[in-house]
Amino acid sequence: MVTIFTPTFNRAHLLQNLYDSLCRQTNKNFLWHIVDDGSTDDTGKLVKQWKKENKEFVINYTRQSNGGKQRAHNVGVQMCETELFFCVDSDDSLVDDAVKIIIENWGIAKQENIAGIVALRGKDETITLGTSMPKVSNLTMLELYQKYHFKGDTALIYRTEILKKYPFVLAEGEKFIGENFVYNQIDLNYKMYVLNKIIYICQYFEDGYTRNTVQLLVKNPHSYMILKKQQAEISLYLRYRIKHMAGFIAMGLTIHETNLVKKSGNLGLAILSYPLGLVIWRLRFKKVYENL
């Protein structure tokens, strides 16, 4: 069975599309768990109405104080009792046979060293949101992006028991850290089964994370630095280690952090990455930070 997990904040006006796509699923062997991250709109009333409709799947609703998507994700994972966990954002939807495809492929993929399934997102059912998957059976997410140069977003279905070992960790007072913070850790011990098929339809709205990336990062600087330091440590190739360390340096400069080279944990890499970090700071973060 699959838990389709949706963290949401003031998205009552968008959730209907996802709900409709779940109602159309050809395989109803799933439950939908919504974690409401302190919405002030009619999200709760809307979910209550859907539950009364009594469709062929269970809807669970949990409300928490506003703490950000990743804290909502932690709650969803800890409450999950199904074998598989699939995070689907509130402004997105699934193809009609997504659950059927997941369950069928998991029957093929399931092995001790496989953490889950990585599939494609699309603008619709035929146009991918990026490139196609490489022609391999299993890989890590780092290999997907750094070795095979995949471009775009993916649909990720993980074994719940593995996700429970790797919760999101955010800096105090901050509400966002990149999702690959967790996936990077899983990569160290597991691979993903590759599914070269669109199962997830993705839309981007003006109030979403993607549209406001730089401002979001600057508002959560310490969490961003935690992620960049992690990525600099585990990246497969030097050019990626430099890129991520430069991000660490750039955000440190943005918030006037001292002793950045020492705090990097890798003096040589930090010194090598510092010039690029300066450029990123000046072009990407400095003005945004000053206007907050």
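Me: Which residues of H10 are buried?

Reply: This is a predicted model. In H10, the buried residues are Tyr-240, His-244, Met-245, Ala-246, Gly-247, Phe-248, Ile-249, Ala-250, Met-251, Gly-252, Leu-253 and Thr-254. That makes twelve of 17, and H10 is mostly covered.

Me: How should I read a pattern of burial along a helix?

Reply: Start from the turn. An α-helix has 3.6 residues a turn, so residues three or four places apart point the same way. Now take H10. His-244 through Thr-254 are listed as buried, and so is Tyr-240.

Me: What do the buried residues of H10 pack against?

Reply: Five helices. They are H5 (141-147), H8 (213-219), H9 (221-234), H11 (260-263) and H12 (267-290).

Me: What span should H10 have, and what does the model give?

Reply: Count 1.5 Å a residue, with one residue fewer than the helix holds. H10 covers residues 238-254, so its expected span is 24 Å. Its end C-alpha atoms are 24 Å apart, which agrees. Just after H10, His-256 has a positive phi of about 60 degrees.

Me: Now the cores. Which residues have the most contacts inside the largest nonpolar core?

Reply: Ile-4, Trp-32, Phe-86, Val-118, Tyr-158, Ile-186 and Ile-199, in a core of 70 residues. Strand E9 (residues 191-201) gives the largest share, eight residues. Another core lies apart from it, with 19 residues. Phe-248 belongs to that other core, as do Leu-217, Val-218 and Ala-270, among others.

Me: What is Tyr-158 in contact with, beyond its neighbours within four places in sequence?

Reply: Its partners include Glu-83, Leu-84 and Phe-85. Ala-115, Gly-116 and Met-141 are also among them. So are Leu-163, Tyr-183, Ile-186 and Met-192.

Me: How many aromatic pairs does a search of the whole structure find?

Reply: Eleven. One of them joins Tyr-19 and Trp-50. To classify a pair, look at the angle between the planes: under 30 degrees counts as stacked. Here the angle is 10 degrees, with 4.3 Å centre to centre, and the pair is stacked.

Me: Which parts does this pair tie together?

Reply: Tyr-19 is in helix H1 (residues 15-23) and Trp-50 in helix H2 (residues 43-53), so the pair links parts 31 residues apart in sequence. Tyr-19 counts as buried at 2% relative accessibility. Trp-50 counts as buried at 1%. Both belong to one aromatic cluster with Phe-30, Trp-32 and Phe-57.

Me: Where does the charged end of Arg-121 sit?

Reply: Over the ring of Tyr-200, 4.1 Å from the ring centre.

How values were computed
Residues numbered from 1 in each chain as written. Predicted model: local features only at pLDDT ≥ 70, side-chain atom pairs only at ≥ 80, totals over all residues. Heavy atoms only, no water. Phe/Tyr/Trp six-rings, centres within 6.5 Å; stacked < 30°, edge-to-face > 60°. Helix = DSSP H or I, 4+ residues; strand = E, 2+ residues; numbered from the N terminus. Buried < 20%, exposed > 50% of the residue type's maximum accessible area, 1.4 Å probe, protein only. Lys NZ or Arg CZ within 6 Å of the ring centre and 35° of its normal. Contact = heavy atoms within 4.5 Å. Core = buried A, V, L, I, M, F, W, Y, C linked by side-chain atoms within 4.5 Å.
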